[in-house]
Each structure stands twice: as structure tokens, then as C-alpha cells.
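Reader: I'm a first-year student, and I'd love a close look at the cysteines in this protein. Could you walk me through which ones are bonded, which are not, and what else there is to see nearby in the discussion?

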Amino acid sequence: MKRPSPRGTVTAALAALLCAVLLPAPATAASPPPPVPTTAEAQWIDVGTVVWNVPATSQTRQELAYDGGRLRLAPTRLTAAQRAAYPHLKDVPAFTVDVRDRSRARTALRGPLTATQRAADGAVRAATGVQTAGVLDDLYGARAAEASLGPVFAHGRPTLSLWAPTARTVALELDGRTVPMERDDASGVWRVSGPASWSGKPYRYAVTVWAPSVGKTVTNKVTDPYSTALTTDSARSLVVDLADPKLAPEGWAGLTKPPAVPLRNARIQELHVRDFSVEDRTSAHPGQYLAFTESGSAGMRRLRALAAAGTSYVHLLPVFDIATIPERRSDQATPGCDLKVLAPDSAEQQACVARTAARDAYNWGYDPLHYTVPEGSYASDPEGTRRTVEFRRMVRSLNGAGLRTVMDVVYNHTAASGQDGDSVLDRIVPGYYQRLLADGSVATSSCCANTAPEHTMMGKLVVDSVVTWARQYKVDGFRFDLMGHHPKANILAVRKALDALTLRQDGVDGKKIVLYGEGWNFGEIADDARFVQATQRNMAGTGIATFDDRARDAVRGGSPFDADPGVQGFASGLYTDPNSSPANGTPAEQRARLLHYQDLIKVGLTGGLADYTFTDTSGRRVRGSDVDYNGAPAGYAAAPGDAVAYADAHDNESLFDALAFKLPASTGPADRARAQVVALAPAALSQGPALSQAGTELLRSKSLDRNSYDSGDWFNAIHWDCRDGNGFGRGLPPAADNADKWPYAKPLLTDPALTVGCPEIEGASAAYRDLLRIRTTEPAFGLATTRAVQSALSFPLSGPDETPGVLTERLGDLVVVINATPAAHDQRVPDLAGRAYALHPVQATGADRTVKRSSYERSSGTFTVPARTVAVFRAG
């Protein structure tokens with residue numbers, strides 16, 4: 001989960017939402033008025049049905065009261081279809097709207113709305129606000145879903161369209177003028193067309209609408225949620241046609257992309273635009289899109305080397321319009337301290353960085369403001385369309401370097417909601433785009449104001465936005481942040497829309513665009529509480545991958561959320577090289593946990609397959625789904641390509657920092673570098689796709705920062721030149737998310753054993769690239785089906801006698817031995833005795849001298865591998 005730092009605050013309750021004016025008593029003049037609602041517990045799910053948790057009797061009367069009228073309610077039962085559509089409401093009392101009143105539903109929805117229950121004498125027994133997303137979908141969804149929103153050009157003339165069904169009026173403010181817009185009552189869409197001279201002009205909408213969060217009708221001046229371009233700091237939208245040839249860099253129309261790589265074979269580098277170049281002395285455009293166009297820069301030379309070794313995609317952390325970064329460089333604050341002179345374990349660096357963090361140029365970007373416009377702070381000029389052109393130049397340059405481009409997209413939440421200045425969607429259709437809890441408050445399980453892609457028009461926005469990035473920016477893949485917060489149907493709709501794109505009509509082959517995301521299962525929608533989620537289990541077999549945390553935790557040890565970060569794992573010395581942490585348990589407990597970790601890694605090497613069978617370390621024949629991962633099945637994939645393997649990403653500590661906490665303090669720099677490659681190997685050599693954080697192969701450190709989303713360049717920048725170090729020892733990490741770990745971190749940051757130099761950094765990088773080359777050039781690593789993996793891949797030494805800390809895999813004509821221990825080991829495979837094997841040519845001629853000491857004794861079938869070494873042997 002991400003921790004953005006929005007400029008505004010998330011509205012705590014849509015209940016404050018309805019601290020409304022008192023409505024006239026609908027029964028008689030003598031009836032007492034209802035109390036002011038402080039919640040919105042009633043849910044109007046379709047034009048004929050309201051769900052509200054109040055007991056109804058023959059002595060009570062229920063109604064929806066609105067300005068100037070009422071809609072009568074009578075007890076009913078939800079139909080089977082309604083219970084299926086709203087599973088979290090299936091046991092809540094339901095009421096039917098009197099058929100005589102339903103024609104006034106559209107009117108009622110355009111002002112304050114209260115559900116009331118009265119006793120026979122007219123006294124108010126209960127009153128609450130009303131959630132209206134369901135009825136809005138029922139009344140308007142089908143027609144609105146077909147509408148083209150935002151600026152659309154025909155023969156050079158723009159039409160601007162906005163969905164605002166509850167608005168009383170909408171006007172276009174364009175270039176200093178106010179132009180009325182016309183409402184289509186069937187769809188709730190407001191439109192206005194203009195002359196060609198509108199092109200390039202700034203605009204926003206004036207939306208007059210009932211705003212429950214402030215309990216009154218307001219006129220919101222708001223940008224277009226379907227913006228295609230923006231002025232600086234998102235102050236105005238711009239009337240821009242992305243198909244305008246003036247916005248296309250040279251060669252854009254006929255852009256030649258690297259050959260498409262199937263998702264099961266993808267090797268992905270996760271990269272933040274600013275991290276990439278902000279401290280690269282060889283870049284003329286530090287921190288900008290244009291840094292990727294500099295073929296001679298250190299960063300681009302490194303990316304080309306990775307591409308040559310087998311990396312196929314660069315995954316960019318969010319590059320859409322971000323809420324928290326001032327876009328003009330003159331407005332961006334910088335730390336006012338000489339950070340370089342401070343001690344490596346000082347708390348001063350983080351304190352200085354924190355003082356300007358809210359106003360500096362840095363944020364991961366998981367705080368979306370406009371979903372379909374590039375972020376302006378990464379452009380050479382944030383005003384106008386330069387960001388569009390420069391983003392396209394970045395994509396073109398990455399493609400030219402042999403790399404396809406993935407965008408990290410964050411449709412699961414907004415930076416703010418309600419009347420906050422950074423709230424766009426909720427100021428246009430209040431209470432619709434955000435997911436609400438039972439009391440009407442905005443759900444915030446994602447860290448911010450959750451959106452509701454289960455609602456028709458939020459789901460449409462997701463699909464339309466992704467298609468725009470694919471068609472207009474030629475993005476090659478999308479990684480969905482907190483994808484488990486989306487309905488599976490929404491993500492499948494994205495896949496269907498992309499599949500419809502063709503080179504001839506759209507300039508891209510949509511079927512070759514890859515999709516993957518975080519399939520975590522938590523929050524108010526956990527366990528399919530409201531809809532079938534896009535979680536790990538549910539997405540298996542769809543061709544859309546989810547991140548596989550099982551092998552990650554086994555390789556590193558423990559989990560990212562351990563109170564003691566010294567919990568060890570396979571690559572960090574559990575049992576075979578124990579540290580002093582009592583959290584690891586007794587030697588017997590360590591051995592048992594290590595062997596279980598090895599079973600988790602085996603499942604990961606298969607691509608996380610649920611139905612792959614093997615002998616586990618207890619000697620049982622099991623399927624991948626039988627192996628336990630914290631009470632869940634370790635294997636969940638239906639085919640290679642369903643699970644993304646990884647050892648680290650931007651979230652949580654970088655791999656080097658995790659190993660810093662976990663390896664024994666006496667472990668020297670050379671062994672730390674070797675442990676890093678061992679930890680990367682299970683993902684690099686897995687069936688299915690794999691991702692690594694950019695710089696991890698260079699031992700990248702963030703000075704033990706576990707959540708660097710707002711930690712600035714000082715803790716985040718990648719150092720491509722090994723002479724600049726790897727980022728370790730830049731001070732204690734920011735207190736907000738790391739203070740509880742400072743007692744563990746402080747002694748490490750001054751320990752010479754953790755200071756790595758060029759031999760370790762370049763050695764680890766070269767060894768990792770060798771593994772990528774082997775993975776890319778050996779077809780056995782890219783099998784397409786469970787049956788093929790079952791036939792070709794085995795773990796011949798798995799069982800009760802398996803060596804703790806050593807994994808041996810047979811894959812077709814290859815044998816892979818991963819020795820994570822601090823000692824050399826022999827691995828005897830009797831079935832291979834008499835057959836010729838030799839160290840793979842890539843490693844035999846590679847830069848790692850240690851792996852070259854690996855050997856094979858033919859007569860006994862014995863493979864000997866040095867300490868902390870990954871060796872791949874090939875049959876002769």
C-alpha cells in the first residue's frame with residue numbers, strides 16, 4: 001500500500017455530508033421536523049428500491065424527503081439479482097419506492113435528500129442522509145456509459161462534455177468567458193460545442209450542485225476529470241486534441257517498438273522518473289522526461305545494458321498529474337542543510353528533508369489529481385502541451401533502447417474528496433465516485449479517499465483513461481495500484497477495450513499490451529464483500545498478473561511489517577548464518593522455517609502454479625496450492641504469467657536495506673553483494689514475469705527507509721556511478737515511518753561492513769545481468785502451461801534430506817543450484833550420474849569469478865557450488 005501526502009484532507013464522513021437544512025414535514029403541518037442528519041445510512045440502489053437498516057412496522061411511515069416533495073417508501077425484500085449486485089446489503093431491510101413517485105426521482109436527486117421514518121403521530125423516529133450511486137447508475141448509467149466525455153474534436157471543432165446528473169446548472173468558463181451548457185436528461189451529460197478557435201484555450205466548469213459535505217448548494221469551479229492537457233499546477237484544463245500533429249515528436253506516427261514480449265517472459269525494471277536522473281551528473285535534464293532521451297547519459301547506458309541482458313519493460317511509477325508537487329521549479333522547496341557533511345547515523349538529514357517535504361519536487365505520485373494528463377513537474381515547462389510532447393519523446397527513446405514502457409496507474413483512490421481543492425470528481429457528482437461505508441463516510445482503506453470503480457461512470461473513467469494512454473501515448477503496459485480494490489469485471493473491461501485496439505485504426509496493437517497489479521485482499525471490499533475483486537486468486541487464468549508475495553517473503557525472511565526487522569529468510573542467513581535476533585527462534589525452529597521457505601520458493605520458481613505437484617521438504621507429495629502461506633495457498637496461478645515474482649519494489653525496504661537488517665552484522669561487503677544476487681535469483685529465474693526495483697542490481701539503498709514516498713531526492717536518488725556509493729549511510733531514515741526501527745538502524749549506518757564500493761556494486765550488477773541473459777536465451781524458462789512446467793521442471797533433492805539453504809532445480813537440460821549459505825555445498829543428483837553437464841557458457845565467460853569455481857562430477861552426478869552463489873549448468 002502506498003502512503004501519499006495529499007495537499008488537502010480526506011473528508012471524514014459523507015454524513016457531515018448531510019448536516020442539512022430541515023425539510024418540511026411531509027405528513028401534516030403539525031408533524032415535528034426530522035433532526036439534522038449526521039450520517040448517510042440509507043442507500044437508494046435503484047429507482048424503485050432503498051435499503052436502510054431501520055425496522056419497519058405497520059405503525060411507521062418511511063419516505064425520502066427532498067426540496068418540495070417526498071417519495072413514499074413501503075417495506076419490501078431484495079430480489080435475488082439485487083442481493084447478488086449488493087452482497088453487503090443482502091440482509092439489510094429494503095423499501096420500495098411508490099410507483100406513483102418514481103417519475104420524480106431525477107428531480108429529487110438534484111438537491112438535499114433525507115430518508116425519514118415517522119411514527120403514526122408524525123414524530124420522527126429516525127432520519128439519515130441517502131447514498132445515491134446505485135440509483136444514479138440505474139437512471140443514467142446505460143446512456144452515460146456510451147458518451148464521449150472531455151474534449152472531443154470533429155473537423156477541428158471541439159465539443160466539451162461533462163457527466164453531472166445531479167447538477168442544477170453547468171457552465172463552461174473558457175478564456176475569460178462563461179458559456180452555458182446543455183443537459184441531456186437521458187444521460188445526465190452536459191455539452192457545449194465551440195469553434196476551432198477554442199483549441200488551446202484554458203477552461204474549467206462552473207457546476208452548481210448540492211454539496212452534502214457543507215450542507216448547501218454551491219457553485220464549484222472545477223477542472224475536467226477527462227482533461228487531456230492542463231495549465232501549470234492544474235489550475236485549468238486546456239482544450240487540446242491529442243491527435244494534433246503538432247504534438248507528435250519526429251517519427252511518432254511510425255514508431256517502431258521492440259518486439260513484444262509475452263507477459264510470462266517479461267523482465268521488468270520499476271523506475272521513478274525523478275530518481276532516474278536527478279543526481280546523474282551526465283544528464284542535462286535531471287528529474288525530467290527528457291533525461292530518457294539522452295542516449296549518452298549514465299542512466300540510459302545502464303538501461304540499455306539491462307535491455308541487452310533481457311530486461312524487456314521499464315515500469316514507471318505514477319506519471320499522471322500528481323496533487324502534491326509544485327510544478328514550477330521556482331516554487332519547489334529544497335532542504336536548507338548541507339546534508340553531505342552530516343554523520344551517516346544522524347537524525348538531522350531526515351529532519352531537514354521533512355521540513356520541506358510537502359513543498360519539494362518529490363513524491364512517488366500515488367496521489368492522483370487528473371488521471372489522463374502527464375505530470376507537469378517532470379516537463380521542461382509545465383505550462384501547456386510541452387509535457388505531452390516530452391512524455392511521448394520519453395516513450396520513443398525507451399522503445400529505441402529496446403525497452404517497452406509500463407505505467408503505474410492509481411485509479412483506486414483520489415487525493416481528496418468533498419469540497420477540498422484537490423477534489424475533482426466529488427465536486428462534480430458529490431458522493432458518487434467515492435466508495436462510501438455504511439454510515440456514508442468515505443472509505444479510506446487505500447490510504448486516501450477510495451474510489452468506487454464498481455459504479456458505472458468510475459469504471460468507465462478507468463477504461464477510458466487507460467485506452468487514452470495506450471492510443472495517444474503508446475504505453476505498452478499498465479500496473480494497477482491496489483488492483484484488489486477494483487472489481488474483476490472492471491479490469492477485464494480494461495483488457496477487452498485494449499484488445500480492440502489495432503495498429504491500423506489506433507496505431508497500437510492492444511493485444512500486446514500487458515496488465516498486472518497488486519491483488520491484495522483487504523479493506524471494506526475484502527473477501528468479495530461487495531463484488532468479485534481483482535485479487536490474486538480471482539485473477540488467475542485471466543492473463544492479467546498479480547504480484548506474488550510468497551517467495552518474496554521467503555527469500556527475505558519474515559514480512560515487511562515485522563516489529564523486529566532482523567527476522568531472517570533463505571537469502572539472509574536463516575539457520576545457516578544466524579544473526580542475534582531472538583525473533584528467529586531456536587535452531588530447530590529456524591531449520592523448520594527455512595525448509596518451509598524453500599518450499600515457498602519452489603512454488604515461486606514454477607510461476608506460483610496452484611496445480612504443480614512436487615515433494616515438499618517433509619516428504620509429502622503436494623500441489624502448489626497445498627503449501628501454506630500465512631493461512632493462504634502459496635500457489636494460486638493457473639498458468640505461468642499469472643504471478644509476478646519479485647524480491648523488492650518501491651514499497652518497504654530496498655533489498656540491500658532488508659539484508660542489512662537481517663544478515664549477521666559481521667557479514668562483509670563482498671558477501672553482502674553475493675547475498676543480493678542470491679536473493680534476486682528466484683525471481684530472475686522463475687517461470688512467469690519478474691520485477692525488480694531499478695538500482696537493486698547495483699545494491700541500491702535508501703538508508704534503511706521503509707516508505708520513501710515523500711523522502712526527497714536525498715534518500716531516493718539512484719546513483720549510477722559506483723564511485724558515488726549506493727545511498728547507504730545518508731542518515732537515519734525519516735521518523736514518520738521509521739522511528740520505531742531507529743534502534744536497529746543506528747548501529748548499522750556506521751558499520752564499515754555495510755559500506756560497499758565499486759567491486760561489490762559492479763560485481764553484483766554483472767552477475768545479475770548474467771542471470772538475465774540465461775533466463776532470456778534458454779526457452780525452458782518461458783514455458784506456457786502448467787503441464788509444460790510439470791513435465792520440464794523438478795526439484796530432485798526435495799524431501800526430508802534436503803540441504804537447508806540450498807535449492808536444486810532441474811529444468812529440461814538445465815540444472816540450477818542456488819546456494820544461499822556461507823559455505824560451499826555438494827548437491828548429488830543420482831539420476832544424472834553419467835550425464836555430462838558444464839557451467840552455463842554465460843557464467844563460464846562472465847564477470848563473476850566465484851561462480852566459475854562451480855564444478856560437476858559426472859560419475860556421481862554431483863554439483864559443487866561455492867558459498868552464496870547461483871550456478872546454472874547445462875547438459876553437454
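Author: Happy to help: what follows goes through the cysteines and then turns to the pockets.

Please keep in mind that this is a predicted model. To call something a disulfide here, we ask for a pair of cysteine sulfur atoms within 2.5 Å. By that rule, the count comes to two disulfides.

Let's begin with the pair Cys337 and Cys352, which are joined by a disulfide with an S to S distance of 2.0 Å. Where do these two cysteines lie? Cys337 is in the loop between strand S19 (320-322) and helix H6 (348-356), while Cys352 is in helix H6, so the bond ties together parts that are 15 residues apart in sequence. You can also look at the twist of the bond: the torsion about the S-S bond of Cys337 and Cys352 is about 105 degrees, so this disulfide is right-handed. The two ends have their own surroundings, too. Cys337 is partly exposed, at a relative accessible area of 30%, whereas Cys352 is buried, at 2%.

Now move along to Cys722 and Cys758, which form a disulfide with their sulfur atoms 2.0 Å apart. Cys722 sits in the loop between helix H16 (712-716) and helix H17 (735-738), and Cys758 belongs to helix H19 (residues 758-777), so this pair ties together parts that are 36 residues apart in sequence. The torsion about the S-S bond of Cys722 and Cys758 is about 90 degrees, so this disulfide is right-handed. As for accessibility, Cys722 is buried, with a relative accessible area of 12%, and Cys758 counts as partly exposed at 27%. If you count bonded cysteines along the chain, the disulfides follow the pattern 1-2, 3-4.

Next, a pair that may catch your eye: why is there no bond between Cys447 and Cys448? The closest cysteine sulfur to that of Cys447 is in Cys448, and it is 3.3 Å away, so it is too far for a bond. Looking at each residue in turn, Cys447 is partly exposed at 25% relative accessibility, and Cys448 is buried at 2%.

With the cysteines done, here are the pockets. The largest pocket holds about 1,000 Å³ of space. Its lining is made of 40 residues, and those nearest its centre are Trp520, Asn521, Asp549, Arg552 and Phe561. Helix H11 (536-539), helix H12 (549-556) and strand S30 (632-633) are the elements that give two or more residues to this lining. H12 gives the most, with five residues. Sorted by class, the lining of the largest pocket has 17 charged, 12 nonpolar and 11 polar residues.

The second largest pocket has a volume of about 640 Å³. Here 28 residues form the lining, with Leu149, Pro151, Val152, Thr468 and Arg471 nearest the centre. The elements that give two or more residues to the lining of this second largest pocket are strand S8 (150-154) and helix H8 (456-473). H8 gives the most, with nine residues. By class, the lining of the second largest pocket has 16 nonpolar, eight polar and four charged residues.

Note on methods. Residues numbered from 1 in each chain as written. Predicted model: local features only at pLDDT ≥ 70, side-chain atom pairs only at ≥ 80, totals over all residues. Heavy atoms only, no water. Helix = DSSP H or I, 4+ residues; strand = E, 2+ residues; numbered from the N terminus. Buried < 20%, exposed > 50% of the residue type's maximum accessible area, 1.4 Å probe, protein only. 1 Å grid on protein atoms, 1.4 Å probe; cavity = no way out; pocket = protein on both sides within 12 Å on 5 of 7 lines; lining within 4 Å. Points joined across faces, edges and corners; volume = space filled by probe spheres on them. Nonpolar A, V, L, I, M, F, W, Y, C, P; charged D, E, K, R; others polar.
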